Structures are given as C-alpha cells and as structure tokens.
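Dear colleague,

I am handing over the structure we spoke about, and below it you will find a short account of the ligand site and the enclosed spaces. Please look through the model first and then read on.

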Amino acid sequence: MTDTSTSKVSATRDHDPHLRRGPRGYALLPGGYGRSTYYTGAPSPYAIKGKGYRVWDDRGRELIDANNNFTSLIHGNAHPAITEAATRALTAGASWGIPNLYEWDLAEALLSRLPALDQVRFANSGTEAVMSAIRIARASTGRERVIVTKGGYHGTSDVALVPGGPSYTKGVTQGVIKDVTPVPLNDVETLREAVEAAPSEYAAVILDLLPNRAGLISLTEEFVRAARELCTKHGIVLIIDETISLRLGYGGMSGEFGVDPDILTTGKLIGGGFAVGAIIGLGELMAEVDPTRKSSLPHGGTFSGNPVSMAAGAVAVKLYDAAQVQRLNALGDAARASVNAKVADAGWEIRGRGSLLRAVPAGASKVDETTQHRLWWATYERGLLGSPANLLSLSTPMNESVTADIAERLADAVLEVANTTPRS
Ligand SMILES: Cc1ncc(COP(=O)(O)O)c(C=O)c1O
C-alpha cells in the first residue's frame, strides 16, 4: 500500500470556503468559480499544494491527483526538472514582445515525434489552437463548412461548441451552427454521405479521437482512416485534435493508428503545466499564418509562445519519452481491467485507452451531471481526485502500487454510487 492515506480532517460537502473569504464571498466570481469546468455540484475544495502524484486541499485532505489539471500534468505536480526550467525562464523575464529561443526547443521536441508534419504555431490553449486551425483550413480551401463528430470536444470557440448539441450552443449564431455538420461517432457511412453530399463546401473534418464528452468512447481506426481517405480525395483539411489524446502514443493516438492529419492541434501536457496550445501542420497550410507572406491570416496572442510555457513544455515533452508512454499506457490498462472486474456486476464499466480512464454506467453514451458529481464526491471522499466528469489521468510519478491503489478507490466509489442509483 502506498502512503496515500486520506485525512478526514474537516472534510464535509457543506464546507463553505466563502465564509473565510470576506463579506463579498462568491459574488467575486460567477457562481464562485474561476472556470465553469471546476463545478462538481457543491462548494469545491481549494488546492493548497501539490507534489508528484499528490495534492493537498484546504480541507486537510491528501489526495491522489488523477485530475492532473484536466490531463495536463503528465509528470504530476511540481516536477523538479520542469520547475527548474520554468523558474530559469521566469527569472529572465516572464514574457517579451520579441521571439524567444524556447519556442524553437518546444517546436523541435514536438516535430521530432510527428515526422509527417512540418511547422508549429503556438497558442495559449487547446481552444485557441482548434479555432486557428479551422481558420487556416478555411483560408487555404476557400470553403466554410466543417464536419465534426457528435459529442467531440474541441474547447469553447463558437464552432467547437456545436458538436455538444443545443445545450452548448446558447450564444452561438445560427450562421455558425449551419456551417457545422455533426456526424455520429464511428459511423463511416454517415460520414461518407455527409462529405459526398457537398464535397466542395467542406474546409475541414475535425476529429477528437477519444471524446470524453461522449463517454470516453474511442474513435475506431476504421473511422479515422475513412476520414483521412475522404479528406484526401476531396481536398478537405483533416484536423486531428489531440489536446488530450497526444499522451496515448509517442506520436499521439493518430500515430498509434498510423494516420497522418494535415493539422494536429494540441495543448495541455505540452506546456508542462503552463498555458499552451499548438497548431502543428503541413508547411503549405501553415504558410497561411506566415507573416512574411502577403495577406496572411492574423494570428497573435500576447502570451503565445511565452518563454515560461515553452521552456517548461520542452522539458515535459522530452521527459515523456516512448518508454514512459508505454509504461503509463500499461498501468492504465491494468487499472481498467482491475476496476472493470469489480464493477461489472453493478452495471458499470471503465472506459478509456492507455493512461486515460473513466467510469460510466455500462453502455451509456451520456452520463447525467448528477451521477457524475456523485461519483466525483465519492472518489474525493476516498482520497482520489478526478475531473468533474470523472476522467482520470495517470502521471509519470505513479507506479504499479499507486495505480492499484487508484483502482481500488475508484471501484469502491463506483460501487457506492451504483448501489444508490436506480438502474434505468
Ligand atoms: C480534445 C480537446 N480539444 C480542445 C480542448 C480545449 O483545450 P483548452 O481547455 O486548453 O482550451 C480540450 C480540453 O479538454 C480537449 O479535450
């Protein structure tokens, strides 16, 4: 057993941090939150510090961090080499208005793993990267429409909200909605029909290979290959969004499938814990944002390519070598098998791939928010921190005994929720 025991000190769902935050309390932030994605249905604990695979919160709990800032912390909290690189960069100045050499380090680290692609442009988030990739695709093809998979998640730009369905598109114009064609996951025939109904109107097909919003169901290699073939045939840009799935292979999950995108978008782990996004593409497409060319696309971002994210990211990417990718994926496979064996009879399953795991009611393509939140609190109370949608990600400081411990805590939490949720 690893040393991950959970202190019960003052742990209660009714704990209300705003009482200690002065008279204005929650009014300072909408709903009390700096990000809507933190929301777990009840006042949240606050992080105090992290080290390796552990996080400590303001309720006195020590938690195994399998949230890892929504999969970004591939090397866990405060990894010494990453902290050292970030500190060195920061000490020389947080950001500048002329380029810095760390951008080259991270670009080189990424392109060495993605031999089919030529150039990188940095942004500050996966959302920004996808937004710019779509614009590049539109500019280069002179077309406007985009195909996405239903339930795929690509951040919160207007186009990216459409695959979530009507509950996500409040505030998005009908014009944008009309330009986006969602097709069901892994439905090759519908994809083919959609493309072939108007092949000269589509600028891009954009794929989230392991859509968490759709219950962490993987796209099949067959579907991704079909998308590749259709895009090649009709001059459509294939954008593979590897914002979370990059960790699943040395060259991302697309590399595992052996399918090369025209543009790969990513973020999260490649910033070493700092804000980042990247658009990585074929030279002819990336030329659209080349400012030395006449009438190139505007692409900026005051903090794009900032030295702290670049320096930390370059170290994080290099440390996540092929052996670590394989090791973490194997740990994930073992954890999934172990939890599945314990929860199957209760009508639940553990989905995912490699080092990404998620518990869902068996067969569900959507999990209601109340159930997700109940499971979040059940895992939290067992000293395990996941995302509010119960996505768990492993990090390199974890070993077999830690992931066995995670599996035990997760199975126990699932059984509690399963045994108190009416089956539909
Ligand atoms: C596949 C995918 N694309 C884009 C994003 C958005 O990234 P960010 O939160 O950095 O804007 C995410 C975030 O989870 C994602 O999973």
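Helices and strands are named here as DSSP runs numbered from the N terminus, with at least four residues for a helix and at least two for a strand. Please keep in mind that this is a predicted model.

The ligand occupies the space that forms the largest pocket, and the residues surrounding it are Ser125, Gly126, Thr127, Tyr153, His154, Gly155, Asp208, Asp241, Thr243, Ile244 and Lys268. Sorted by class, this shell consists of six polar, three charged and two nonpolar residues. A polar side-chain atom of Thr127 lies 2.6 Å from an oxygen atom of the ligand, while an N or O atom in the side chain of Lys268 is 2.9 Å from a ligand oxygen atom; Thr243, in turn, has a polar side-chain atom 3.3 Å from a nitrogen atom of the ligand. Of the 390 Å² of accessible area that the ligand has on its own, the protein covers 82%.

Searching the whole structure also gives two cavities of 30 Å³ or more. The largest cavity, with a volume of about 50 Å³, has a lining that includes Arg113, Arg247, Tyr250 and Tyr320, and by class this lining has six nonpolar, two charged and one polar residue.

The second largest cavity has a volume of about 30 Å³, and its lining comprises four polar, three nonpolar and no charged residues. To that lining, α1 (68-71) and β14 (391-393) each contribute at least two residues.

Best regards

Definitions and conventions: Residues numbered from 1 in each chain as written. Predicted model: local features only at pLDDT ≥ 70, side-chain atom pairs only at ≥ 80, totals over all residues. Heavy atoms only, no water. Near = heavy atom within 4 Å. Polar contact = N/O pair within 3.5 Å; in protein donor to acceptor, adjacent residues only side chain to side chain. Areas by Shrake-Rupley, 256 points an atom, 1.4 Å probe, with all protein chains shown as cover. 1 Å grid on protein atoms, 1.4 Å probe; cavity = no way out; pocket = protein on both sides within 12 Å on 5 of 7 lines; lining within 4 Å. Sits in = over half its atoms within 2 Å of the grid points. Nonpolar A, V, L, I, M, F, W, Y, C, P; charged D, E, K, R; others polar. Points joined across faces, edges and corners; volume = space filled by probe spheres on them.
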